[in-house]
Amino acid sequence: MSKHILVVDDSVSIRQMVETTLKAAHYQVTLAEDGLDALEKCKASTFDFVLTDQNMPRMDGLSLIKSLRSLVTFQRTPIVVLTTESSDDMKQRGKAAGATGWMVKPFSPDVLLNVMRRVLG
Amino acid sequence: MAEVARPLKQGESVEYTWVWVSIIVLLVAWGATYTQFPTLAMVAVSLAVGATTVFSVRQSQHDSQKKTEQTNPLPSPSSDEVPPRIRAINSALRELLAECEQNIQAVKSTQDDAVHTLSTSFSALRELVEEQQTLTKSLMTFEGSEQSYAAHLKDFATETDETLMSFIDTTEKVSSSTQSLMTQVEQIYQAMPTVEKALSDIDAISSQTNLLALNAAIEAARAGEAGRGFAVVADEVRALSTRSTEFSGVITQQMSMIGEMITNLEKEARFVASIDLSQVTNKKDHIKGQLGLIAGKASQDLSVTEALSSLNTRFSATVGDAIRGMQFGDINGQNLEHTAGIISMITDQLDTHNISHLETQMEDYKSQLVAKGQLDHNPVSASSMDAGDVELF
């Protein structure tokens, strides 16, 4: 059974490109427009992997990670941040919030899939 | 703008030039702060403060001069005292900045639309290519087999060639053997008259034996009682002779049938031997050539299959590059939004008209810039479309 991935990004094009990349690798994909949308979806079902942007309206990536880590079902779920932010300070804040990894945009599809394989095992 | 371009009066011109320089330098400082050039920002802010100080000193001198000339104290400064020239500059600047903001929004909107269209097209293209790849694979392979159709065809052509050549060789050998068989049948056929003559001789002997037995029986009868025993012997000899004649008849009949069968066999063998195998022999090379062509085409198809597979890999890599490149929409979009935010903030700041408090306001702006620079930042760091770093915690 294919792994179920939640992709969170306010950019329509990024969501579409990530979805295309993951579906080509036979992953099941669900999309969310921002942190709040993602949180609602996570409360309704479980996912094997969460890929989230940082800067989003209503709820940003780090707030989403903190909220997800407070849920029992998402305490061990891999959450990788895919963002334009690249400062060490932001990465440390992401790590402190409970992120599994940090990817700086633009992403290469091959690299993204490699990261997912490494994290998902 | 026409009002801005109007020449200033002597004296006023020098003072307002310093104000103008301060505003421009301050704008440069804002820009530098948000483009991550802190050194340039600090230099620009220093220049702005310097310009403001010069302006203040000149203003003080001007005021002192006026005090000397007029004994009455000056009224407290108010927004009404802002010279029309400064208000005109302020207004023109705000109009320009508002236009810049609109342009940025228009660029972002167009870019978002274009990237969305491109992204949709590439996604669809990728799906179509994957479908094509699946169809090509099903065309080139057998269900449940990893081996390609071309490889199967090549094997089949090779096996058919071997089988056909073996069959033709066997046929040639059979033809050759039939000639030998026919010779042997002829030899058997030639031996038949000898057997028939021997049987005829047996019949003659049997007939003479029968006649002798008959004579013996007659003589035995003439002898009377003394020849009774001899008569029994004569009868037995006669019976044996009769049986011998019967056996000879059966053998003659069987020999006749064998003779007919040998005749038929000879006829059939002669027919087989007479079949012209030259056509088969001639076609042998042609068929071998055709099978070679099939095997060659199969090898070519194998190469095409491998090339198609390589093409799909290269296509995936190209689409991957396109996906990486198209993320400029998101990256530049965030950059544009951030820049629009800066322009909006500058426009708000330009609402200040009270020139008498300019120095104080400049200091406030400086503090605000420093505070904003510490709290706010440009979320985009990428300056090329090379793939970003990855770090797993």
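Which residue stands opposite B:V390 in strand 1 of chain B? Hold on to that one for a moment, everybody, and bear in mind that we are looking at a predicted model.

So, the answer: A:M103 is the residue facing B:V390. The strands around that spot run antiparallel, with strand 5 of chain A, residues 101-104, pairing with strand 1 of chain B over three bridges.

Now let's step back to the whole interface. On the chain B side, 30 residues are in contact, and they meet 31 residues of chain A. The buried area between the two chains comes to about 2,700 Å², and carbon and sulfur atoms give 60% of that. In chain B, the residues that lose the most area to chain A are B:Q327, B:L392 and B:F393, which together make up 25% of what that side buries.

On to the polar side of things. Two salt bridges turn up across the interface. One salt bridge to look at joins B:E391 to A:K91, where the closest N and O atoms are 3.5 Å apart. There are also 14 residue pairs in polar contact between chain B and chain A.

And where do the chain B residues come from? Helix 4 (84-140), helix 7 (278-325), helix 8 (328-349) and strand 1 (390-392) each supply at least two residues of the side that touches chain A. Helix 4 of chain B has the largest share, with seven residues. Sorted by class, that side of chain B holds twelve nonpolar, eleven polar and seven charged residues.

Thanks, all. Happy to go back to any of this on the screen.

Methods:
Residues numbered from 1 in each chain as written. Chains lettered and ligands numbered in written order. Predicted model: local features only at pLDDT ≥ 70, side-chain atom pairs only at ≥ 80, totals over all residues. Heavy atoms only, no water. Contact = heavy atoms within 4.5 Å. Buried area = accessible area lost by both parts, 1.4 Å probe. Salt bridge = Lys/Arg side-chain N within 4 Å of Asp/Glu carboxyl O. Polar contact = N/O pair within 3.5 Å; in protein donor to acceptor, adjacent residues only side chain to side chain. Helix = DSSP H or I, 4+ residues; strand = E, 2+ residues; numbered from the N terminus. Nonpolar A, V, L, I, M, F, W, Y, C, P; charged D, E, K, R; others polar. Pairing = 2+ DSSP bridges.
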